[in-house]
Amino acid sequence: MQERAMEIGWTHNQRQRQVLAFFVLLSMSGVGADLGPYAIAEESERGSFVANLGKDLGLGLTEMSIRGVRIISQENKAHLQLRVETGDLLINEKLDREELCGSTEPCVLQFQVLMEKPLEILQAELRVRDINDNSPMFIEKEMILKIPENSPLGYAFPLNNAVDLDVGSNDVQNYKISSNSHFRVLTQELRDGRKYPELVLDKELDREEEPEVRLTLTALDGGSPSRSGTAQVLIEVVDTNDNAPEFEKPIYKVQIPENSPVGSLVVTVIARDLDSGVNGKISYTLFQPSDDISKTLEINPMTGEIRLRKQVDYETVLSYAVDIKATDGGGLSGKCSLLLQVTDVNDNPPEVTMSALTSPIPENSPEIIVAVFSVSDHDSGNNGKTISSIQEDLPFLLKPSVKNFYTLLTERALDREERAEYNITITVTDLGTPRLKTQLNITVRVSDINDNAPAFTQTSYTLYVRENNSPALHIGTISATDRDSGTNAQVIYSLLPPQDPHLPLASLVSINADNGHLFALRALDYEALQAFEFRVGATDRGSPALSSEALVRVVVVDANDNSPFVLYPLQNGSAPCTELVPRAAEAGYLVTKVVAVDGDSGQNAWLSFQLLKATEPGLFSVWAHNGEVRTARLLSERDAAKHRLLVLVKDNGEPPLSASVTLHVLLVDGFSQPYLPLPEAAAEQAQADSLTVYLVIALASVSSLFLFSVVLFVAVRLCRRHRAASAGVCSVPEGHFPGHLVDVSGTGTLSQSYQYEVCLIGGSGTNEFKFLKPIIPNLPPQCPAKEIEENSNFHNSSAFNY
């Protein structure tokens with residue numbers, strides 16, 4: 001325990017030292033820039049390319065990923081992002097140089113490149129280039145100068161400078177003034193480099209001729225394209241009092257509606273005085289008004305606004321007349337007259353009275369009168385004339401009837417399924433000025449008739465049921481909808497008679513008439529019935545009832561309920577089949593093949609083979625996918641002659657099922673060696689019927705005839721050759737026959753064809769057949785290193801069962 005605690009403490013101290021070293025390196029990284037400097041224009045889009053960091057670091061993409069390269073910034077401001085898969089350094093967000101650095105130039109952002117394995121930190125910097133994205137701005141949008149009219153020519157008046165957030169050439173470079181006959185502008189520079197404008201007087205001012213001068217001052221920066229900002233310059237010219245006030249109009253004629261509220265503005269009279277200061281200040285008064293005028297009107301002495309002190313009535317007083325006086329600060333005055341006429345106004349909106357309304361109305365019906373209403377207006381003239389309307393997108397018409405009555409009727413037959421309710425707004429507007437209107441909202445409902453058959457959500461349904469299901473299992477649901485309402489939309493489901501009279505549909509499935517649930521009435525067997533089809537109907541409760549139908553296909557899904565069955569070798573209790581293997585067989589020699597089938601389908605029928613038990617482990621192997629039993633190595637004289645193999649055949653179901661088969665293998669020195677039955681099969685072999693003997697004799701005869709034909713064919717070919725055969729021919733004395741390939745096509749359970757090389761030995765006085773090893777396809781044939789002699793009456797063996 002003490003050693004474990006010491007180990008944990010050492011690990012903790014080591015991690016602390018690593019973290020301390022990391023921060024030391026990070027603090028030292030600000031000394032200089034190891035990478036860059038990189039540059040990017042401000043306001044570049046997110047994801048803009050800055051540089052290929054992998055190329056600058058000299059690292060490949062794989063090495064960057066292994067070393068854990070990443071970008072870190074102070075205060076965790078992720079201005080940059082590294083795409084490790086490409087090594088590209090990209091902008092993570094739009095950069096605003098003015099927000100980041102203000103007026104500082106150059107604008108440098110420091111960041112670090114961290115490589116974790118091994119730990120290494122590189123200092124880098126990104127310079128944000130300024131673009132001309134800010135226009136010059138004046139702090140004061142309007143500058144006011146008071147200049148005496150006797151100011152000398154050439155006198156300069158400094159103005160406030162404009163401010164531009166950009167720097168360098170994008171900052172303010174020049175000023176200009178709008179065209180005028182009195183002033184020009186000069187651009188001057190302060191000690192800190194800022195430029196400001198000066199206004200220079202070129203022509204004398206005359207207060208009586210032009211009391212004020214308005215100029216537009218424009219500041220231009222040096223960007224491309226150039227940006228500008230403007231400010232207004234108001235120059236007030238100081239003058240003496242030598243002008244009396246004068247009204248714009250000698251007579252003001254005004255009309256005012258009778259329903260104007262108290263305090264309403266009647267008119268604003270304006271008098272002009274060319275003087276300035278106190279001499280140009282004007283006050284307004286009503287000149288000798290009557291008592292009625294004094295009670296009805298009032299004037300603002302400073303602005304000249306005349307307003308109502310009480311509400312006027314067109315039926316009482318049609319018009320008013322009064323004089324108005326304007327006086328300046330020097331005692332000079334002027335007069336004008338006001339003629340006020342009171343006008344009648346449209347102050348009564350139309351009224352709508354509903355006389356009859358029919359709702360609901362049946363669908364699919366011809367023209368029907370929905371409503372009857374009347375319209376009235378208490379005003380006169382155009383103010384009392386009205387027009388009526390409804391929305392244009394509705395299937396209704398509005399027709400005028402006698403006097404001020406209107407009828408609302410359907411334009412065509414209505415479809416409740418298209419729209420079940422209409423909100424109709426009847427709008428009545430008079431022809432007055434301004435127009436007044438009245439709106440009446442009515443709701444018209446459409447009643448349903450059974451004109452829609454139920455519609456299935458699908459034209460056909462496919463349901464999947466795993467075999468061996470429990471009875472009364474819910475296997476799926478069909479659904480139909482009816483666009484009608486009420487009982488016309490209530491759907492009843494049913495099974496229709498099957499088209500196949502042999503299909504016992506009533507014993508297979510049932511349906512819930514209310515909700516369309518389908519149930520399997522009994523357990524289904526995939527091996528007996530893989531799929532079946534039937535039709536279902538949906539009928540509504542309308543009168544008359546409407547119906548529709550859909551096709552339902554039930555697919556039975558296979559379950560792994562069948563074990564593999566071995567076809568070869570048979571395990572039916574008869575005499576076991578013994579496979580003969582020559583001891584000269586090489587590794588990979590095909591002994592036999594286990595053939596099995598499975599009654600299931602899909603992966604439940606995928607079979608694999610496995611050698612469970614063998615007399616001598618390691619001598620034989622079984623191919624997992626095709627069941628071929630082959631020798632795993634070269635045979636030797638020390639290997640036992642008799643072997644018993646137990647092979648397991650397993651399917652790929654869940655859970656998997658299996659079967660086993662026992663193989664008997666006999667090692668022989670050559671096929672001339674008599675067949676040696678296994679001890680446990682000796683008693684059964686003695687009882688074998690004579691049919692087996694006949695089959696062996698017939699096979700030996702056919703084999704002898706085949707060998708004779710081969711020898712004859714080889715002899716004819718050798719007679720035509722003048723030199724010995726090359727590679728692949730047995731090296732024998734003169735008169736020996738060259739080797740030839742005998743092609744034995746794969747049959748039965750073998751997956752490919754096999755070729756055998758046949759060599760005949762001459763000079764011995766006898767035609768002996770040499771048993772040689774099979775030749776792998778696409779490889780050159782070779783004679784075996786060790787031949788196994790066999791006379792013409794060789795035995796039939798499972799090794800030749802191709």
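Guide: Two strands count as paired if DSSP finds at least two bridges between them. Keep that rule in hand. The model in front of you is predicted.

Visitor: What makes strand 4 and strand 5 a pair?

Guide: Strand 4 and strand 5 (residues 88–91) are joined by 4 bridges. The rule asks for at least two, so the two strands pair. They run antiparallel. One bridge sets Arg83 against Asp88, which sits in strand 5.

Visitor: Which sheet holds these strands, and in what order?

Guide: An open sheet of 3 strands, in the order 2-5-4. The pairing is antiparallel.

Visitor: Why do strand 2 and strand 4 count as edges?

Guide: Strand 2 (49–52) and strand 4 (80–83) each have a single partner strand, so one side of each has no neighbour in the sheet. On average, neighbouring strands of this sheet are turned by 25 degrees against each other, direction ignored.

Visitor: What holds strands of a sheet together in general?

Guide: Backbone hydrogen bonds, with the strands either parallel or antiparallel.

Visitor: Now strand 31. Why is strand 31 called mostly covered?

Guide: Buried means under 20% relative accessible area. In strand 31, 5 of the 6 residues are buried.

Visitor: How do you know that strand 28 and strand 31 pair?

Guide: Strand 28 (residues 369–376) shares 5 bridges with strand 31. At least two are needed, so they pair. The sense is antiparallel. Val372 stands opposite Thr407 in strand 31.

Visitor: What joins strand 30 to strand 31?

Guide: Again there are 5 bridges, and strand 30 (residues 396–400) runs antiparallel to strand 31. Phe396 has Thr410 of strand 31 as its bridge partner. Strand 30 and strand 31 form a hairpin, with 4 residues between them. In the turn, Lys403 has a positive phi of about 50 degrees.

Visitor: On to charges. Why can side chains of opposite charge pair?

Guide: They can do so when their charged atoms come close. To be called a salt bridge, a side-chain nitrogen of Lys or Arg must lie within 4 Å of a carboxyl oxygen of Asp or Glu.

Visitor: What makes Glu298 and Arg309 a salt bridge?

Guide: Their closest N and O atoms are 3.9 Å apart. The limit is 4 Å, so the pair qualifies.

Visitor: Where do Glu298 and Arg309 lie?

Guide: Glu298 is in strand 22 (residues 297–299), and Arg309 is in the loop between strand 23 (305–308) and strand 24 (319–328). The pair therefore ties together parts that are 11 residues apart in sequence.

Visitor: Are Glu298 and Arg309 buried, partly exposed or exposed?

Guide: Partly exposed lies between 20% and 50%. Glu298 has 39% relative accessibility, so Glu298 is partly exposed. Arg309 has 45%, so Arg309 is partly exposed too.

Visitor: How do you know that Arg416 and Asp448 form a salt bridge?

Guide: Their closest N and O atoms are 3.0 Å apart. That is within 4 Å, so the rule is met. The pair links distant parts of the chain, 32 residues apart. Arg416 is in the loop between strand 31 (405–410) and strand 32 (421–430). Asp448 is in the loop between strand 33 (437–447) and strand 34 (455–456).

Visitor: Why is Arg416 called buried?

Guide: The relative accessible area of Arg416 is 11%. Buried means under 20%, so the word fits. Asp448 has 18%, so Asp448 is buried as well.

Visitor: What makes Glu533 and Arg553 a salt bridge?

Guide: Their side chains meet at 3.2 Å, N to O. With the limit at 4 Å, the name therefore applies. Glu533 is in strand 41 (residues 531–540) and Arg553 is in strand 42 (residues 547–557), 20 residues apart.

Visitor: Why are Glu533 and Arg553 not called buried?

Guide: Glu533 has a relative accessible area of 39%, so Glu533 is partly exposed. Arg553 has 34%, so Arg553 is partly exposed. Elsewhere, salt bridges that share partners join Glu142, Glu212 and Arg214 into one network.

Visitor: How many salt bridges does the rule give?

Guide: The count comes to 19.

Visitor: Which residues make the nonpolar surface patch of about 410 Å²?

Guide: Leu705, Phe708, Leu712 and Val716 make it. Val716 is in helix 8 (residues 690–719).

Visitor: Why can Val716 belong to a patch?

Guide: A patch residue needs over 30% relative accessible area. Val716 has 39%, so Val716 passes that cut-off.

How values were computed
Residues are numbered from 1 along each chain as its sequence is written. This is a predicted model: local features need pLDDT of at least 70, side-chain atom pairs count only at pLDDT 80 or more; totals for chains, interfaces and linings use all residues. Side-chain values use heavy atoms; hydrogens and water are left out. Patches are made of residues with over 30% relative accessible area and no salt bridge: like charges are joined within 9 Å, nonpolar side chains (Val, Leu, Ile, Met, Phe, Trp, Tyr) within 5 Å. Accessible areas come from the Shrake-Rupley method with a 1.4 Å probe; for residues, only the protein chains shown count as cover. Buried means under 20% relative accessible area, exposed over 50%, partly exposed in between (1.4 Å probe, protein chains only). Axes are lines fitted to C-alpha atoms, for helices over the stretch in contact, and angles run from 0 to 180 degrees between N-to-C directions.
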